[in-house]
Amino acid sequence: MTAPPATQGIYLDNNATTMVAPEVVEAMLPFFTEQFGNPSSIHAYGNRVGLAIKQARRQVQALIGAEQDSEIVFTSCGTESDSTAILSAIRAQPGRNEIITTVVEHPAVLSLCEHLETEGYKVHYLEVDGKGRLDIETYMDLLSDRVAIVSVMWANNESGTLFPVQEMAELARSTGVLFHTDAVQAVGKVPIDLKETAIDMLSLSGHKLHAPKGIGVLYLRRNTRFRPLLRGGHQERGRRAGTENSAAIVGLGKACEMALEHMEHEKTAVRTMRDRLEQGILAAVPHCFVTGDPANRLPNTSNIAFEYIEGEAILLMLNKLGIAASSGSACTSGSLEPSHVMRAMGIPLTAAHGTTRFSLSRYNRMDEIERVIAAVPPIVAQLRRLSPYWSETGPVAEPGSAFAPAYA
Amino acid sequence: MWDYSEKVQEHFFNPRNAGAVPEANAVGDVGSLSCGDALRLTLRVDPESEVILDAGFQTFGCGSAIASSSALTEIIKGMALNEALEVSNQDIADYLDGLPPEKMHCSVMGREALQAAIANYRGEEWKDDHEEGALVCKCFAVDAVLIEDTIRANGLSTVEEVTHYTKAGGGCSACHEGVEAILARVLAEQGKAFDPYAKAPEAASSPAPRKLGNLERIRRIERSIEAIRPNLQRDHGDVELIDVDGRNVFVNMTGACAGCQMASTTLDGIQQRIVEDLGEFVRVLPAQAMAGRG
């Protein structure tokens with residue numbers, strides 16, 4: 001693994017997107033210049049690119065443990081993969097008009113489901129408990145021959161909490177229901193061996209694992225009922241028409257190969273840095289806590305709620321020090337409400353707005369982590385001094401009633 | 001990342017008048033925890049002159065909420081209460097060299113905190129007359145509540161009408177689906193169905209228009225434009241008549257209208273008004289288009 005290019009900043013927002021690995025860039029470059037052929041062409045220009053795509057397909061196959069390389073369908077992004085999976089399931093099974101998903105899905109799934117509700121589909125949103133966990137009994141009760149597809153994320157982008165998708169897929173299969181998982185956050189961070197599971201479809205996104213933006217994959221288990229989202233050419237065996245984004249596909253293949261090589265590192269070194277960061281901050285900052293399920297989550301993600309202050313303000317102050325993170329506050333989401341994931345877990349509003357997500361990658365170093373641990377406490381203290389919920393020494397007595405402005 | 005002005009960043013990183021004022025005799029609490037914005041404004045007012053001697057803020061909120069609070073305290077210090085009541089949210093935003101549309105509510109919160117604090121000083125009960133809904137049109141910062149109220153008050157039934165009345169939907173088109181959903185909901189309450197293909201009702205046609213003389217025609221065009229100007233001035237814009245050449249009416253968009261991405265919609269609105277007033281079709285064009293017509 002080559003060292004990342006020198007930057008001044010400390011990048012802890014890898015669940016948003018990742019740096020493209022230098023090796024990936026290198027692998028891609030020829031496909032912008034001499035390897036410009038159309039892989040569909042019969043001549044040598046096309047053939048060379050076709051072979052490179054074939055290799056990339058096998059590299060993706062290896063990372064997610066697909067039985068066949070033909071089960072890999074290249075798309076433009078995770079969102080396209082999600083849309084393809086869900087729309088395919090309802091179009092291919094006209095009699096089935098129910099969908100099962102969860103309240104904490106990514107908008108790529110949630111917004112689509114909400115839209116499908118306006119078209120008459122019945123969507124069941126599984127709720128989560130305070131740690132972001134699902135109730136499997138409720139899920140089992142919802143499975144029926146009216147359900148076209150279950151779509152449940154493998155790992156939550158905000159809290160990192162892992163869902164038991166393998167068990168849920170088995171349950172779906174036993175009742176004859178298709179199972180899709182948005183694994184955009186999980187692929188490359190936790191081992192996945194699809195041939196040993198009952199998962200029918202899986203979405204992944206290149207830019208979450210050090211490949212470029214604009215490339216995604218839909219894993220489509222052999223013999224799964226399918227309808228394409230885009231029709232046109234014969235690319236991807238007619239399952240996703242459109243000339244291949246060959247450079248990005250080659251880059252994704254390389255990134256998958258590297259992710260497989262570093263899987264152990266992810267589980268050990270990245271996890272160690274994450275744990276150190278979390279413990280360091282929790283020890284130094286009063287009135288903050290970890291959200292999600294600390295015992296069962298991605299090794300790279302820590303989501304900490306800083307009470308009585310607001311997340312965007314935290315991010316702006318961190319950014320001033322060159323530290324990049326993200327937040328579940330209303331302001332950073334661009335809506336008027338804090339993160340739907342934090343609300344679903346019942347995190348109080350005084351804390352939900354202050355949730356801050358630190359997501360690491362294998363390119364982080366322990367000395368960066370120590371610098372962040374040193375930077376966070378003064379920022380939190382400074383913002384609390386401005387907060388009407390904070391007195392000299394701690395939160396005002398009964399914050400809820402001491403400052404409860406009336407507002408429509 | 002938000003496009004914050006230098007001034008916003010400066011007031012966020014170095015807020016003025018943070019903390020509660022000692023011996024305050026006026027307090028205003030506004031905001032909403034669910035929205036992630038809450039502000040307590042404390043003032044020390046001279047009982048003789050009613051001049052604000054000191055102002056301090058405590059804010060739970062984002063960068064622009066803190067900057068708006070800081071700006072507010074700077075603006076009102078030294079003002080008499082009656083003078084301070086004239087401070088608008090636009091004044092706060094202007095002081096900060098503008099705020100992103102999604103963040104204008106931060107300046108609204110500042111103005112309301114001020115009103116609440118003054119009411120508190122005077123022993124009055126302050127009523128929040130402003131209800132804010134989810135932002136629907138991001139181009140022009142129009143929220144759901146405003147759209148809903150406007151639809152009800154004016155009996156609107158099409159997206160086009162909503163755009164003419166509120167501006168919502170006049171920019172990037174992204175919110176048309178959202179505006180349609182609001183229309184469908186409000187119309188359903190009135191027992192009507194939303195028809196996406198409905199045309200905006202035509203203005204009642206005036207009795208057979210007689211042919212106008214040139215002077216009378218230009219005067220009418222002038223009157224139509226005069227009637228529109230206050231609307232534009234409210235948004236810091238303006239329009240002036242440059243020339244009338246047959247069917248073409250040339251105007252100059254000035255102030256905030258110049259270079260506004262809404263300019264073409266504004267021109268459409270002006271055109272519609274003139275067409276209605278004149279009873280004949282004219283085309284309203286920016287004066288720059290004159291050169292090209294030689």
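This report walks through a predicted model of two chains, A and B, from overall build to single residues.

## Chain A as a whole

Let us start with the bigger picture of chain A. Its secondary structure consists of 14 helices and 13 strands. Laid along the principal axes, the C-alpha atoms of chain A fill a box of roughly 75 × 50 × 35 Å. The radius of gyration of chain A is 22 Å, and this agrees with the value near 22 Å that a compact globule of 408 residues would have.

The inside of the chain can be described in two further ways. Of the 408 residues in chain A, 51% count as buried. Among the contacts of chain A with a separation of 6 or more, 71% join residues that are 24 or more positions apart.

## An open sheet in chain A

One sheet in chain A is worth a closer look. Here 4 strands are arranged as an open sheet, with the order β9-β10-β13-β12 and antiparallel pairing. Strands β9 (288-290) and β12 (326-327) of chain A stand at the edges; each has a single partner strand, so one side of each is left without a neighbour in the sheet.

Moving inward, β10 (residues 301-306) of chain A pairs with β13 (residues 355-359) of chain A in the antiparallel sense, over 5 bridges. If you would like a spot to centre your viewer on, try A:N303, which stands opposite A:R357 in β13(A). A helix also belongs to this picture: α8 (residues 263-284) of chain A lies across β9, β10 and β13 of chain A. Relative to β10(A), helix α8 of chain A runs at about 10°.

## Chain B and its domains

Chain B contains 11 helices and 8 strands. Its C-alpha trace spans about 70 × 45 × 40 Å along the principal axes. Of the 294 residues in chain B, 36% are buried. For contacts in chain B with a separation of 6 or more, residues 24 or more positions apart account for 54%.

The domain assignment divides chain B into domain 1 (6-121), domain 2 (135-189) and domain 3 (214-291). Between domain 2 of chain B and domain 3 of chain B, the C-alpha centres lie 24 Å apart. The contact between these two involves 7 residues of domain 2 of chain B and 4 residues of domain 3 of chain B. On the side of domain 2 of chain B that touches domain 3 of chain B, the residues divide into 2 nonpolar, 4 polar and 1 charged.

## Where the chains meet

The contact between the chains draws 27 residues from chain B and 28 residues from chain A. On the chain B side, the elements that each give two or more residues are α1 (6-13), β1 (26-32), β2 (37-45), β3 (52-60) and α2 (63-76) of chain B. Strand β1(B) provides the largest share of that side, 4 residues. Sorted by class, the side of chain B that touches chain A has 13 nonpolar, 9 polar and 5 charged residues.

## Two residues with positive phi

Now for some backbone detail. Most residues other than glycine have a negative phi. Against that background, A:H210 has a positive phi, near 70°. This residue sits in the loop between β7 (201-205) and β8 (216-220) of chain A. Is A:H210 buried or exposed? It counts as buried because it has 30 C-beta neighbours inside 10 Å, and the cut-off for burial is 20 or more.

In chain B, B:N17 also has a positive phi, near 60°. B:N17 is found in the loop between α1 and β1 of chain B. With 19 other C-beta atoms within 10 Å, B:N17 is partly exposed.

## A glycine in a loop of chain B

The last stop is B:G78, placed in the loop between α2 and α3 (81-84) of chain B. B:G78 has 13 other C-beta atoms within 10 Å and is therefore partly exposed.

Which residues does B:G78 contact, leaving aside its neighbours within four places in sequence? They are B:V51 and B:I52. B:G78 and B:L53 are 25 residues apart in sequence, and their C-alpha atoms are 5.7 Å apart in space.

Definitions and conventions
Residues numbered from 1 in each chain as written. Chains lettered and ligands numbered in written order. Predicted model: local features only at pLDDT ≥ 70, side-chain atom pairs only at ≥ 80, totals over all residues. Pairing = 2+ DSSP bridges. Axes fitted to C-alpha atoms, helices over the stretch in contact; angles between N-to-C directions. Rg over C-alpha atoms; globule rule 2.2 N^0.38 Å. Buried ≥ 20, exposed ≤ 12 C-beta atoms within 10 Å, placed from the backbone. Nonpolar A, V, L, I, M, F, W, Y, C, P; charged D, E, K, R; others polar. Domains from an automatic or database assignment.
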